[in-house]
Every structure is written in C-alpha cells, then in structure tokens.
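Work through the following exercises with the sequence and the model side by side, and try each task before reading its solution.

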Amino acid sequence: MEEKIIKFEDMQLSKKVLNAVRDMGFEEPSPIQAQTIPLALEGHDVIGQAQTGTGKTAAFGIPTIEQIDEKNKYIQALVLTPTRELAIQIAEEFNKIGKYKRVKTLPVYGGQMIDRQIRALRFGVKVVVGTPGRLIDHIRRNTIKLDHVKMLILDEADEMLDMGFIEDIEEIMSNVAQGENRQTLLFSATMPAPIEKLARSYMHNPQKVMISREQLTVPSVDQLYFETRDKFEGLCRVLDIEDSGKYIIFCRTKKNVDDLQASLQVRGYMAGSLHGDMSQAQRDRVMRRFREGKLEILIATDVAARGIDIDDISHVI
C-alpha cells in the first residue's frame, strides 16, 4: 500500500500561516516537519532527535506561530538556543512564518547592547529567541517576563549542555509558567543523560520523533573523503585542485582553528577563523569579509558555526 504524503494543507493550519509557508517556498514538509507539526498542534510535548539540515526550525516554528494569540500582548513562546548566530537565524525564520499574523519575534543574545533589546521588548514581542546567558540577564533585570509563556522550545539541547549552560537552562525553565498549559519541545542531535533528565523533569509524557541521517534534506551535496598521511598537505592539494569557491573548514578545537589559519595564511590562502574565544565584533568582521568574498576560507569550530547562513558555499571540509 502506498504511503500517503502529508502536505501542509492537511495540517489544520490557518490561512495566514499557510500563505507565509508558501511564500517561503516550502512545497511539502520534510520528515521531521511531517511528524512534529501535527503532534505539536495537538498540544503534545515533543522530543525531536534530529541533526542540523533536517528542516527542524520550521518543524517547531510553524506550530509555535500557529498557536500564538495575536490579541494577547505578552511573550507567549520562548526558544532557547546555544549561539547568537542560531538565535538570529531562528528569529528570521519565525518572522517569515508570522508575517501575516503580525507576530513579532525578537532574538536576544550577548554581544549586542542590552538597552537596544530592552527597547525592542517594550514594543510588544510575542516570541523571544535567546541564548541562555543573555536570557538570564533579562530575567534578573525583570525586562523579560515568562509567566505567560505557553510554548518553550529548546533547540540544539546537547550543544547547550556541552557549552556549560545546563544550570542556566534549569533556571530559565523554572521561571516559565508550570502546569498542564505549558508545552515543551526539545530538539537535540544526541540524547546524553543530562538532557534525558531535563526532559523527565520538565516535560509531560513527551512524544518522540527520530529522524535518521538518511533523511537529511541535502540530496544535492556530493560527499567525498580522502585518505592521507599528512592532512595539511592533503588539504592544500584539494584547495589547489578545486581552485575557486567558498570553503568552510571545521576543526575540533579553538587551537586547531588558529593553527590551521596561520599555516594556510603562510601559504598565501585568504583564510579567516571563527570560534568562541573571539569577541562579537571580531566574529562579525570575519563573517562580513567572508560574505563579501574578501576571504575564501572560513575555519571554524562546530559550535561557533551553528546558524551561519551563507548561500554560496561550495565546499565544507
């Protein structure tokens, strides 16, 4: 028997959200969207185990925006995310989904003046996307009140754990209104014990959605690997053969990033680096140069590169 393909039109979405989704060019839901959106709209807590690249931002963004009450002036949904870049990217997607409902989403993160965020919050924001440290600042200043939040989303939960945010997350979650009315969606590529404990403590009978690596939404990417005795020499040969393009190279540690940048620059490659020890101004400057084509290679740690959205990247190493 042929499996029925679920469409966005089958999902009990309002016309405003449906039109926004069409404007974004979504034709049919990815596997995680097809499974998560109906569960979330029914009011279930959801644990989604999925990698970046599965379309999960829309999987939690569409049901969140759908359930926002346009007439209610309070913050009704909160998204927690590990990095500034990811907070900005999620907020941009939420604003696209919410454009016909006129639902305003604001990203809050360290590295931007807090006064600017406080001013924006006064203009009536219904969804906040934030990094844990900056959210704690706002909660303690009483500039973000979470007592009307009915949807709480944790994205990249395992990355937040790795970055040492677990206590901040627990403090934030304890400030969100408790009880049956609150809905929690948690997304993580892996499920380490502290994340499972968090889910048990704060979620009500969560439904699990698991998306395998085979279901990543990247069919147009060619994947190759090379065996080499000397990784640096092998890398330089690849860069020379491929010649033109924009490259992102991932390294495991900040020291690896700095060492590789220095080695490539000595050989005349235009390389910049991105990692957590850099100031926000330095990171913005590197990203601007990379976007403008003044750098051909961006070397980054995995966490620092979360949420980077650049259209014309030709190679990921």
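Throughout, a contact means that heavy atoms lie within 4.5 Å. The model is a predicted one, in which local features need pLDDT of at least 70 and side-chain atom pairs count only at pLDDT 80 or more, while totals for chains, interfaces and linings use all residues. Residues are numbered from 1 along each chain as its sequence is written, and side-chain values use heavy atoms, with hydrogens and water left out.

**Exercise 1.** Find the residues in contact with Ile-62, leaving aside its neighbours within four places in sequence, and place Ile-62 in its nonpolar core.

Solution. Begin with the contacts of Ile-62, which are Phe-8, Leu-13, Val-17, Val-21, Ile-37 and Ile-97. Next, take a nonpolar core as a set of buried Ala, Val, Leu, Ile, Met, Phe, Trp, Tyr and Cys residues joined through side-chain atoms within 4.5 Å, where buried means under 20% relative accessible area, with a 1.4 Å probe and protein chains only. The largest such core has 35 residues, and Ile-62 is listed with Phe-8, Phe-60 and Leu-185 as those with the most contacts inside it. Among the elements that each supply at least two residues of this core are H1, H3 and strand E6 (183–188), and H4 gives the most, with 6 residues. Helices and strands here are DSSP runs (H or I, at least four residues; E, at least two), numbered from the N terminus.

**Exercise 2.** Describe the span of helix H4 and say what covers its buried residues.

Solution. H4 comprises residues 84–97, that is 14 residues, and reaches 20 Å from its first C-alpha to its last, close to the 20 Å expected at 1.5 Å a residue; the expected span is 1.5 Å times one less than the number of residues. Its buried residues include Leu-86, Ile-90, Phe-94 and Ile-97, but also the charged Arg-84, Glu-85 and Glu-93. The cover over the buried residues of H4 includes helix H1 (15–23), helix H3 (56–66) and helix H12 (280–291), together with strands E2, E3 and E4.

**Exercise 3.** Is Tyr-202 buried or exposed, and which residues does Tyr-202 touch beyond four places in sequence?

Solution. Tyr-202 lies in helix H9 (residues 193–202), and Tyr-202 counts as buried because its relative accessibility is 17%. Beyond its sequence neighbours, Tyr-202 touches Asp-45, Glu-170, Met-173, Ser-174, Gln-178, Arg-182 and Thr-184. By comparison, Gln-112 is 90 residues from Tyr-202 in sequence and 30 Å away in space, C-alpha to C-alpha.

Methods
Buried means under 20% relative accessible area, exposed over 50%, partly exposed in between (1.4 Å probe, protein chains only).
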